[in-house]
Each structure stands twice: as structure tokens, then as C-alpha cells.
Amino acid sequence: MRFKILILFLFSFALLSCNTEYTTSNTNTEEMVKAEGKDEMILLTERAPNLETPLHYFLLDYTPNEVFFVRWHLANMPKEIDEDTFKLRVGGAVGKPLLLSIKDLKEKFKPYTLSSLCVCAGNARSFFNPRVAGAQWKNGGMGNAKWTGVKLKDILEMAEVNPKALDVAFNGADAPPLAGVADFVKSLKLPHAMDGEVMIAYEMNGKPLPLLNGFPLKLVVPGYYATYWVGMLNEIKVYDTAYNGYWMKKAYTVPSGLINGNENHDSLAKKTEPIGKMDVRSIFVSPEPNATLELGENNELNGLAFDGGDGIQKVEISSDNGKTWKVAKLNPSLGKYSWRRWKYKWKPTQTGTYKFMVKATNIKGETQPPHQWNRSGYMRNEIETLELKVK
Ligand SMILES: Nc1nc2c(c(=O)[nH]1)N[C@H]1C(S)=C(S)[C@@H](COP(=O)(O)O)O[C@H]1N2
Ligand SMILES: [Mo]
């Protein structure tokens, strides 16, 4: 099968107007875009392609591939991949290096399916106060999907991995556009890579991955931020020594030992470490901010809660700016690495403006802070507010 992408990566919006493959329109203040293989999404940047999922899709349990968020760092990602000739190379500290085709992965290994949320470390960065540099995501830099593929453990075992090795590094077919820019490579500690949950997906929601989501192979690291979910994965290299590449040591690091990735703006943390597991978070999905509700009518608020895989214990809602809290109803679990949908019934008895808040707590008792900030805008999980009007 040949998967082709027709997006033209354009430098200016002036050019955009005469291009039919990549059409944009403006709704509210958001620039909407329809990229090849995708439905209308919110455009953050074109080069590299960064697209955000419109919030209303989060009323679904699983995020459709056509609107699943897109995040690339390097501008010249391949625009075409031939599945028949694509190979995954497994080498480094292994007894038996491998060169695997997609067919090999489908035929030589036991298929494995897992539901998991994929959340960009910088999701919701635009809400940080003071503001921080980087892609200005609202809440749409995430999605939930059913991933099908092969356990990484099975591949590393077939390659006879050195059991004393330290790190396993993952590289995709995208390459730096300029000399001096570091190739996007991520690594995991060997025990994590061998945990039987980390997998290599060739399907997303029962279909091949869209090219823009890393076709034909994506590393799935359940409970860990999406920066580890290397797309167009074509090389796995095992290291006997610590892997210290730019994208592990410099980029995607958070203050060491501080909970919720929090640090003080006026005295930044001295030590940092690679970002890891997702912290506890909850968001509102509907109604839309500043919606007007009718006095005396039954309303339902909807949203999501999630963490790094321990599981959500409860979601609490406040309708009075945090003075009092009531428990929301949780939908059935979709699996410990998926999000948990919640609903909250509310009948307004007075007109005016209401400031709602949502706060999740996980099984371990970890919860969300009233204020959170760090220099890179990662791991956003400050308690979210939603203003609603009643007339
Ligand atoms: N090869 C490659 N894989 C990558 C990236 C990248 O730039 N190149 N970006 C990572 C980051 S930061 C995120 S948030 C996720 C986004 O996955 P998606 O584009 O399928 O939403 O891919 C990850 N995998
Ligand atoms: Mo990301």
C-alpha cells in the first residue's frame, strides 16, 4: 500500500489561498485547516505540521484518526512512505540484529491491542501564566485511541537484547532540515522497554495510522507523555551505556523531584530530569466557555479526567469558584491508560455568572494544584475553571 501526503508545506498565508490541497478558514480566532488524510482541525503551525483537535470531539470515548492531534518537531518529515519497503531496524547491544518489514511484524509476532491516551507534554501550554514559549496548545493536544501492534518486549527478546543494557533509543524516519539541529530520538530505560505494555502500533482505532500521526509505526508508551511516542519508527538501538541525546537531556525536561512539574517563576529549579509519567488532570468539554443556561433547566456538564495509569478515584465539581465541591458521576472505565469521562447534572436556581471548577484525584490520592507553572509549559494540570451564565 502506498500512502501519500499532498500537503504543501507553505511559508506564507498568501500562498495558501491558491492551494487546493490545504484549505484554511477562520472560525472565532482559530485558524482551521484541512490537511491530507485529516478533517478540519485547528492550525497551530504549518511547518512543521502541528494541528489541534477541536474540543467537541472529546465527547467521544475514542478520538477519530481523522481529527487526532498532530505534532512534529522537524519541518522536513517524509511526505510519503512505502509500506512494502519500509523496514524497522533493531540493533546496538543485541545478540541478533533485526530488519523487520511491516509484514514481518504482523506475521511473526502475536498481535496486541491496548487503549491508551496520548497527551503532548505541552498540551494546554497556552493557559500558563506567565506565558511560556512553544506551541500554544489549548486542550486539543491529546487523544484517546485503541492501538494494535506488537509488544516491544517480544521484539527485543527476538533480537536477544543484552539483559544488562541500560537504555533503548527510538528514531523515526523524520530527519533534521539543517545540520546542527538534533535528530528527534527518544529513549527508555531497558526495564521500562521490557515491561510488556510498551508497544509498537501499526494500527490506530482499527486502521493504519494516518501519515501525519506517524505511519506506518508508532511507539506507544502508555501513561507517559507523547514525546516518547516516536512516529514513523524505523530504528531501535540498544545502549550498554546511558543514552544522552539532545531530546532526552535538553528538551522535554522538567524540574527534578517537584510534583506536578511545578517550579517557582522567580527562582527556577536548579536540577532537571527527563519528563515521564503523566500527572492527574481533568478538563471541561461541554458546555462551551461562557455558554448561557436557562434558569430552572436541567443541565449536564461533561468532561474528562486522566492520569499516568493508576486510575481516577473521583472527580469533584465546584459551581462557586472552589468554595464547595460535589462529586461528579464517572462513566465506565475504558482501561487504566485511557481517559475517564465524567458528567455532572446541574439545575441553576439563580441568574448570574457562575465560576465552575473541576478537580480529579487518582487512586494514589494525587490531585491537582490550584496553581501550576514551569518554564517549558509542560504537564499542565492546574485546576481548570469554566464560566457559565444563567438567565
Ligand atoms: N518521529 C517523530 N516522532 C514524534 C515526534 C516527532 O517530532 N517526530 N513528536 C513527538 C511528540 S512531542 C508528540 S506530542 C507526539 C504526537 O503524536 P501525533 O502527531 O500522532 O499526535 O509524537 C511524538 N513522536
Ligand atoms: Mo509533544
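Alanine 48 lies in the loop that runs between strand S4 (41–45) and strand S5 (50–52). In this predicted model, the peptide bond leading from arginine 47 into alanine 48 is cis, with omega near 0°. A cis peptide bond also joins serine 286 and proline 287, where omega is about -5°. Proline 287 belongs to the loop between strand S20 (281–286) and strand S21 (292–293), and serine 286 is thus the residue at which strand S20 (281–286) ends.

The backbone also deserves attention at two residues with positive phi. Alanine 124 is not a glycine, yet its phi is positive, at about 70°. This residue is placed in the loop between strand S10 (112–119) and strand S11 (142–151). Alanine 124 counts as buried because its relative accessible area is 0%, and the limit for that class is under 20%. Glutamate 160, likewise a residue other than glycine, has a positive phi near 55°. Its place is in the loop that links helix H3 (152–158) to strand S12 (167–172). With a relative accessibility of 46%, glutamate 160 counts as partly exposed, since the exposed class begins over 50%.

A further loop residue is asparagine 205, found between strand S14 (199–204) and strand S15 (207–208). Asparagine 205 is classed as partly exposed because its relative accessibility is 23%. Its C-alpha atom is separated by 7.9 Å from that of threonine 148, although the two residues are 57 residues apart along the chain.

The path now turns to the ligand. Ligand 1 sits in the largest cavity. Around ligand 1 there are 17 residues, of which Phe69, Arg71, Asp174, Asn213 and Lys218 come nearest. By class, this shell is made up of 10 nonpolar, 4 polar and 3 charged residues.

Which atoms of phenylalanine 69, arginine 71 and asparagine 213 lie at short range from oxygen atoms of ligand 1? For phenylalanine 69, a polar backbone atom is 2.5 Å from an oxygen atom of the ligand. Arginine 71 likewise contributes through its backbone, with an N or O atom 2.9 Å from a ligand oxygen. Asparagine 213 instead places a polar side-chain atom 2.9 Å from an oxygen atom of ligand 1. Taken alone, ligand 1 exposes 530 Å², and the protein buries 99% of that area.

Definitions and conventions:
Residues are numbered from 1 along each chain as its sequence is written. Chains are lettered from A and ligands numbered from 1 in the order in which they are written. This is a predicted model: local features need pLDDT of at least 70, side-chain atom pairs count only at pLDDT 80 or more; totals for chains, interfaces and linings use all residues. Side-chain values use heavy atoms; hydrogens and water are left out. A residue is near a molecule or strand if one of its heavy atoms lies within 4 Å of it. A polar contact is a pair of N or O atoms within 3.5 Å; within protein, one must be able to donate a hydrogen and the other to accept it, and residues adjacent in sequence count only if both atoms are side-chain atoms. Accessible areas come from the Shrake-Rupley method with a 1.4 Å probe; for residues, only the protein chains shown count as cover. On a 1 Å grid over the protein atoms alone, a cavity is a set of points where a 1.4 Å probe fits but cannot get out, and a pocket is an open set with protein on both sides within 12 Å along at least five of seven lines; lining residues have an atom within 4 Å of a point. A molecule sits in a cavity or pocket if more than half of its atoms lie within 2 Å of its grid points. Ala, Val, Leu, Ile, Met, Phe, Trp, Tyr, Cys and Pro count as nonpolar, Asp, Glu, Lys and Arg as charged, and the others, Gly among them, as polar. Helices (H or I, at least four residues) and strands (E, at least two) are DSSP runs, numbered from the N terminus. Buried means under 20% relative accessible area, exposed over 50%, partly exposed in between (1.4 Å probe, protein chains only).
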